[in-house]
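Me: I have a model open on my screen and would like to talk it through with you. Could we start with the metal site and then step back to the whole fold?

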Amino acid sequence: MDQPEKANMDVLISEVGPRDGLQNVSSIMPTAAKKAWIDAAFAAGITEIEVGSFVPAKLLPQLADTNEIVSYARQIKGLTVAALVPNSHGARNAIDAGAHKITLPLSCSESHSKANLRRTHAQVLAEARTIAEMISDLPAGSRPHFEGSLSTAFGCTIEGEVSEGKVATLAEALMEAGCDEVGLADTTGYANPSSVRRLIERIWSSVGKEALTGIHLHNTRGLGLANAYAALEAGLTTFDSSLGGLGGCPFAPGASGNLVTEDLVYMFESMGLSTGIDLERLFAVRRLVQDALVNEDFYGFTPEAGLPLGFTPTTPRPTN
Ligand code: ZN
């Protein structure tokens, strides 16, 4: 599939606001406003967006238009369109809509898995196998990238500690089921920089470096950026974040606030790492989305403080 070039970028920011953000706010954003958000984010330099989730509309009315949004986003050349799927039925819809990347969450805590997906580990792994077979039946050029996301990888609000060995075993099981890659997700905001580094190395030793390149972090306890830095130092290159820190996980009590895209981009750009994203344009996206979600809280320090005097981003500013 026509995956965009990732050249000239040191790190890839995967914007999850239209899915993870909108899934967890009470407002229902009109379809036209979502399209405007995606357009503006792409214009700011964001090249991967998780645009929705293929769940029944009665469960998540906020994401009822995911099919239309995926089809719309697919027309933007150079944008990787990602979607979450809870099962193989959702994956079929995501494939039909043309998603470049589909992510199946597997909660490392089985209690959380039952609460969140209403499925045991064995059932989720069976779904993963079905999805992998579905993808392998497609012509070689039109197969979406299939990621198994290890959620609650750093701890669970129901079970507490989740052992690294268990996460590694589940990572192996997802790869054996046919995933192209696994991702780590700190759904509950339990991670710290040391556990991030340790778990990345543990998963790499189980499934290989190519099978884990990205992480999904929350800022629940204020460690989001520190954890992102630890993941960067360990060698990960893809980071999920949400505009304004919108979203979190409704099944993890107290866990609110994804990593804030604006602050994450600022951190990397100020460190000399290219994100491909223009911060001034990103702030404009924030204003656009704030205007469409007037009842929601937006987080982030950099957009409030503004850029430092004389700040030179690593990504060159667009000329037009
Ligand atoms: Zn999240």
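Me: How are the donor residues of the zinc ion spaced in sequence?
Reply: Happy to help, and please keep in mind that this is a predicted model. The zinc ion is coordinated by Asp-20, His-216, His-218 and Asn-258, at 2.0 to 2.2 Å. Written as a pattern, the spacing of these donor residues is D-x195-H-x1-H-x39-N.

Me: How many residues apart are Asp-20 and His-216?
Reply: Asp-20 sits in helix H1 (residues 17-23), while His-216 belongs to strand S7 (residues 212-216). Both Asp-20 and His-216 are buried. The pair links distant parts of the chain, 196 residues apart.

Me: Is the site of the zinc ion regular or irregular?
Reply: The angles among the four donor atoms run from 82 to 161 degrees. Four donors count as tetrahedral only if all angles lie between 85 and 135 degrees, and as square planar if opposite donors are over 155 degrees apart and all others between 65 and 115. The site of the zinc ion is classed as irregular.

Me: Which residues touch the most other members of the largest nonpolar core?
Reply: That core has 92 residues. Take Ile-102 as an example: its contacts include Val-85, Ile-131 and Phe-146. The residues touching the most other members are Ile-102, Leu-150, Leu-184 and Ile-203.

Me: What is the radius of gyration of the protein?
Reply: The protein has twelve helices and eight strands. The globule rule gives 20 Å for 320 residues, and the protein comes close to that, so it is as compact as a globular protein of that length. Its radius of gyration is 18 Å.

Notes: Residues are numbered from 1 along each chain as its sequence is written. This is a predicted model: local features need pLDDT of at least 70, side-chain atom pairs count only at pLDDT 80 or more; totals for chains, interfaces and linings use all residues. Side-chain values use heavy atoms; hydrogens and water are left out. Donors are N, O and S atoms within 2.8 Å of the metal (3.2 Å for Na, K and Ca); water is not among the atoms, so sites may look incomplete. Four donors count as tetrahedral if all angles lie between 85 and 135 degrees; four count as square planar and six as octahedral if opposite donors are over 155 degrees apart and all others between 65 and 115; anything else is irregular. Helices (H or I, at least four residues) and strands (E, at least two) are DSSP runs, numbered from the N terminus. Buried means under 20% relative accessible area, exposed over 50%, partly exposed in between (1.4 Å probe, protein chains only). A nonpolar core is a set of buried Ala, Val, Leu, Ile, Met, Phe, Trp, Tyr and Cys residues joined through side-chain atoms within 4.5 Å. Contact means heavy atoms within 4.5 Å. The radius of gyration is taken over C-alpha atoms; the globule rule is 2.2 Å times the number of residues to the power 0.38. Lists of a residue's contacts leave out its neighbours within four places in sequence.
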